[in-house]
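Thanks, everyone, for making the time this morning. I would like to walk you through one model, starting with a pair of helices and then moving on to the strands and the place where the chains meet.

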2 protein chains.
Amino acid sequence: MSNAENRQWCLAERPIGRPVKESDFSFEVAPVPKIGDGEFLVRTRYLSVAPVMRNYMIDGAGIEEPLAIGDVMRGRGVGEIVESNNADWPVGTFVQGKLGWQDYAVATGKPGSLMFPIRQKVAPIATGLGVLGMTGFTAYCSLKDIGQPKDGETVVVSGALGGVGNIAVQLARLMGCKVIGIAGSEEKCRLLEDKLGCHATINYKNGTLEEDLKRVAPNGVDIFFDNVGGSILDAVLLHLNRYARIICCGRISEYLNDEPYRLRNWGQVGHNRATMRGFFVYDYEPMFEEAERVMADWIAAGELTYQEDRLDGLEMMPTALMRLYEGKNVGKQIVHVSGDD
Amino acid sequence: MSNAENRQWCLAERPIGRPVKESDFSFEVAPVPKIGDGEFLVRTRYLSVAPVMRNYMIDGAGIEEPLAIGDVMRGRGVGEIVESNNADWPVGTFVQGKLGWQDYAVATGKPGSLMFPIRQKVAPIATGLGVLGMTGFTAYCSLKDIGQPKDGETVVVSGALGGVGNIAVQLARLMGCKVIGIAGSEEKCRLLEDKLGCHATINYKNGTLEEDLKRVAPNGVDIFFDNVGGSILDAVLLHLNRYARIICCGRISEYLNDEPYRLRNWGQVGHNRATMRGFFVYDYEPMFEEAERVMADWIAAGELTYQEDRLDGLEMMPTALMRLYEGKNVGKQIVHVSGDD
């Protein structure tokens, strides 16, 4: 092993009622953990930061348990197995999973959302934190399972340049659909059309969403990949085709509201014999292998693009997380911890 | 043939901006129609009336085309095939289908929603207009297809004593679920518990729907069979279990509103990984045979009950329809036209 220490970022203070700051974290050095029967040791190559992490730090309303003070920060990463007492996880295997903000993590068990072997060989392993990780799997699995896209159908994606949205846009196009992206600036709309292959875009901040939808989706909407909720959902509901599918992926508009948005056109779901469905990406574990394989092939063929914003060194983790809340990152924010790929 | 004439009720005037009245219809006598190649002649036994019929009479916003002045009134009935040039439809077969308000109807084609052979032998054929017709098929097919009920799950039915609702309540119970009925009076709630086997009921007019739901569904709601929409839907959304299914069957609360009810808790669909889905009963044609067979068996076993409100004579059709809008009918309103079963 090139490093006899296990450097870690731990939770020092809860950021209640304020943004995250560097002193919320403490930098510790522990010994490299010993593995027991059936366990294996992963050396971290890259770590991911995500907005949800502040929820772990406070006694949040998240799906996952909050951290205790002193716990190693929770987070996903990609790494290489460097020691193993488990024949299913041989040394040299690359994995993505819940490594935490540290140099080394111990794991065991079957492949799944906790730890997933990276099988694809065509894209950089860091994509395991974005397009070939949970972000991409979220877009792929829900679009296929709930959306059931058919050739020539019209797909609308809200939050179309967001982490999941930008992949959903590209996947819908690659699955043979006409794709309309909704975003919040002319610049984003240009990017969506020029770089991601949207057939049309709508800047919802123009305030003419309903008319714009009528113009760019004259044949109606078959699939709505909704990352936003609220008034954008309301407008799209008026343009649903019969048997339309609404993928409830996110409700980012709601995080800014004290009171929930009151939806006017909910009756269109029944009226159009439509389906509106929520999901949780980890429920799609049986599809992860397919998602990785198919998207890796599209990346290799140059048909699926992604953008990373990379910082170097484990010591940059708090800075990387703070960049998200400051809106400084361009693309998926990751941190390079070790290795040279 | 016992009758050489074909008596018919035709549309005389459109009831725009007012209730239906007898003079909106004209009673005509035509010759019994001759059948051509592949056609068959059905003698009407019973006719159904339904609230939707006023929509046919005006230039309505319905799914189906409005009638022209002078057209025979549209409606479903059950009858017997009395002449046939089609080997698939032999004389003596009982059918339910779109007969219209008349003694005789000509039909052709394959079995389906337009004309469907009555295969069951255990229940009176008049049930083909209610529990063993589209009303019952609506409840059965959507509950099975969208609801996917599992043993021990909690099912909430709104409009629980309505035409579809009262069947949905009984079917959910027979499929092994715990059933909670929501209705608008103490008397209806008593009927639901004493006669239809609801495990619990809620009188929504008490104004304590949310607390009542918490009390009677302490383990949450797995399936919501929604005939009402609006504020009742909003309340139930707060009690959904993970992976809950909402069957969007009707939105009767909306017909009284000028402005749509603005739904507050729509985000619970995504949050709970739930499914909310609309449907149209005719899309379930492939399930009709199963629905008839299974429900007829339950009727024969005394486990599924139904209520009819019967008038006698084709001349009573306008009166029968008006009874609906006056709220006078108790159970499914039908009219006996001929025959002695």
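What you see here is a predicted model, and I will begin in chain A, where the axes of helix H2, residues 134–147, and helix H8, residues 288–300, come within 10 Å and cross at roughly 100 degrees. Since angles of 65 to 115 degrees count as roughly perpendicular, H2(A) and H8(A) are therefore roughly perpendicular to each other. On the H2(A) side the contact is made by Gly136(A), Phe137(A), Tyr140(A) and Cys141(A), and H8(A) contributes Phe288(A), Ala291(A) and Met295(A). Sorted by class, that contact has six nonpolar residues and one polar residue, with no charged ones.

Let me turn to chain B, where strand E11, residues 221–226, and strand E12, residues 240–248, run parallel and are joined by five bridges, with Val221(B) having Leu240(B) as its bridge partner in E12(B). Together with helix H6, residues 230–237 of chain B, E11(B) and E12(B) make a right-handed β-α-β unit. E12(B) also pairs with E13(B), again in the parallel sense, over four bridges, and there Ile247(B) stands opposite Arg277(B).

That arginine brings us to the other chain, because which residue of chain A stands opposite Arg277(B)? It is Thr275(A), and the strands concerned, E13 of chain A, residues 275–278, and E13(B), pair in the antiparallel sense over three bridges. Across the whole interface, 23 residues of chain B are in contact with 23 residues of chain A. On the chain B side, helix H7, residues 267–271, and strand E13, residues 275–278, are the elements that give two or more residues, and by class that side has nine nonpolar, eight polar and six charged residues.

How values were computed. Residues are numbered from 1 along each chain as its sequence is written. Chains are lettered from A and ligands numbered from 1 in the order in which they are written. This is a predicted model: local features need pLDDT of at least 70, side-chain atom pairs count only at pLDDT 80 or more; totals for chains, interfaces and linings use all residues. Axes are lines fitted to C-alpha atoms, for helices over the stretch in contact, and angles run from 0 to 180 degrees between N-to-C directions. Angles under 35 degrees count as roughly parallel, over 145 as roughly antiparallel, 65 to 115 as roughly perpendicular and the rest as oblique. Two residues are in contact if their C-beta atoms, placed from the backbone, lie within 7 Å. Ala, Val, Leu, Ile, Met, Phe, Trp, Tyr, Cys and Pro count as nonpolar, Asp, Glu, Lys and Arg as charged, and the others, Gly among them, as polar. Two strands pair if DSSP finds at least two bridges between them. A crossover is right-handed if, with the strands pointing away from the viewer, the path from the first strand over the helix to the second runs clockwise.
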